[in-house]
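This report describes the architecture of a single protein chain, from its overall composition to individual residues. The sequence and the structure are shown below.

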Amino acid sequence: MTPPYKYFEEYNLNVTDEVKESYQNITLELGENVHREGLLKTPERAAKAMQFLTQGYHMDGAEILRGAMFKEDYHDMVIIKDIELYSLCEHHILPFFGKAHIAYIPDGHIVGLSKIPRVVDVFARRLQVQERLTHDILECINTTLKPQGVAVVIEASHMCMMMRGVQKQNSVTTTSGFRGAFQRIETRNEFLKLVGSDLS
Ligand SMILES: [Zn+2]
């Protein structure tokens, strides 16, 4: 049986070669000496790192969830909070990182708890904007698990804001999405209070 996802430990050789060459050019154009000892292997390392950080393109969030769904007569809120998240902003290809808080209310099925952070990785490990990342996770859980409701809050810091541009070191961007039962204000507030979000 093949698993529904694979972690990149082996890299696509063609992609590695092409991206490596591009990184060599970028390094050169930026004014560096690509033959300097410390930089000799950098283009190849960078090429592999970028493949790792974008491996979500080769993964299927719905399949990951379907692989661990169980019938269960449980109808209370399930919350997974403080899920570490690392992604790349698609405007600058710089990291944004933070935490995701996710809740759902089952409607006949629950899902293995470790699968929710995997779904976060599937959509975070590609070029993203925080708004779409929030929406992608929300829709994946909603359409696959078909719960009574699902909620996603993401709090993230963006290196493109911190290191360049406005240089706001401490700003955190919060995005959220709610489906089904979480559209009721009481349910939504209960969730926000439990995860300690500023939105409540
Ligand atoms: Zn950016």
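## Crossing of α4 and α5

The model is predicted. In it, helix α4 passes helix α5 in a right-handed crossing. Helix α4 covers residues 115-124 and helix α5 covers residues 130-145; the two pack with their axes 9 Å apart, at an angle of about 135 degrees. The two helices are therefore oblique to each other, given that angles over 145 degrees would count as roughly antiparallel and those from 65 to 115 degrees as roughly perpendicular.

From α4, the residues in this contact are Ile116, Val119, Val120, Phe123 and Ala124. They meet Leu133, Asp136, Ile137, Cys140 and Ile141 of α5. Sorted by class, the contact comprises 9 nonpolar residues and 1 charged residue, with no polar ones.

## Overall composition

The protein chain contains 7 helices and 7 strands. Their order along the sequence is α-α-α-β-β-β-β-α-β-α-β-α-β-α. The C-alpha trace extends over about 60 × 45 × 20 Å along its principal axes.

Of the 200 residues in the protein chain, 42% are buried. Among contacts with a separation of 6 or more, 71% link residues 24 or more positions apart in the sequence.

## The five-stranded sheet

Five strands form an open sheet with mixed pairing, in the order β5-β2-β3-β6-β7. Strands β5 (127-128) and β7 (173-180) each have a single partner strand and stand at the edges, so one side of each lacks a neighbour in the sheet. Helix α4 packs on this sheet, where it touches β2, β3 and β5. The direction of α4 makes about 20 degrees with that of β2.

The edge strand β5 pairs with β2 in the parallel sense, over 2 bridges. In this pairing, Leu88 lies opposite Leu127 of β5, and Cys89 has Gln128 of β5 as its bridge partner.

## Antiparallel pairings of β3

Strand β2 (residues 78-89) and strand β3 (residues 95-105) run antiparallel and are joined by 9 bridges. The bridge partner of Ile80 is Ile102 in β3, while that of Tyr86 is Phe97 in β3. The two strands form a hairpin with 5 residues between them.

Strand β3 also pairs with strand β6 (residues 149-158), again in the antiparallel sense, here over 10 bridges. Phe97 stands opposite Ser157 of β6. Phe97 of β3 is thus placed between two strands of the sheet, with Tyr86 as its bridge partner and Ser157 opposite it in β6.

## Crossing of α1 and α2

Helix α1 (residues 13-29) and helix α2 (residues 42-53) have axes that come within 8 Å and cross at roughly 125 degrees. That angle makes α1 oblique to α2. The crossing of α1 and α2 is right-handed.

On the α1 side, the contact is formed by Val15, Thr16, Val19, Lys20, Tyr23 and Gln24. On the α2 side, the residues are Pro43, Glu44, Ala46, Ala47, Lys48, Met50 and Gln51. By class, this contact of α1 with α2 has 7 nonpolar, 3 polar and 3 charged residues.

## Loop residues with positive phi

Two residues in loops deserve separate mention. Ile93 has a positive phi near 50 degrees, although it is a residue other than glycine. Ile93 is located in the loop between β2 and β3, which is the turn of the hairpin formed by these strands. The relative accessibility of Ile93 is 46%, so this residue counts as partly exposed; the partly exposed class lies between the buried limit of under 20% and the exposed limit of over 50%.

Lys146, likewise not a glycine, has a positive phi of about 45 degrees. Lys146 is in the loop between α5 and β6. With a relative accessible area of 55%, Lys146 is exposed, because the exposed class begins over 50%.

Methods. Residues numbered from 1 in each chain as written. Predicted model: local features only at pLDDT ≥ 70, side-chain atom pairs only at ≥ 80, totals over all residues. Heavy atoms only, no water. Pairing = 2+ DSSP bridges. Helix = DSSP H or I, 4+ residues; strand = E, 2+ residues; numbered from the N terminus. Axes fitted to C-alpha atoms, helices over the stretch in contact; angles between N-to-C directions. Parallel < 35°, antiparallel > 145°, perpendicular 65-115°, else oblique. Left-handed = near helix turned anticlockwise from the far one by under 90°. Contact = heavy atoms within 4.5 Å. Nonpolar A, V, L, I, M, F, W, Y, C, P; charged D, E, K, R; others polar. Buried < 20%, exposed > 50% of the residue type's maximum accessible area, 1.4 Å probe, protein only.
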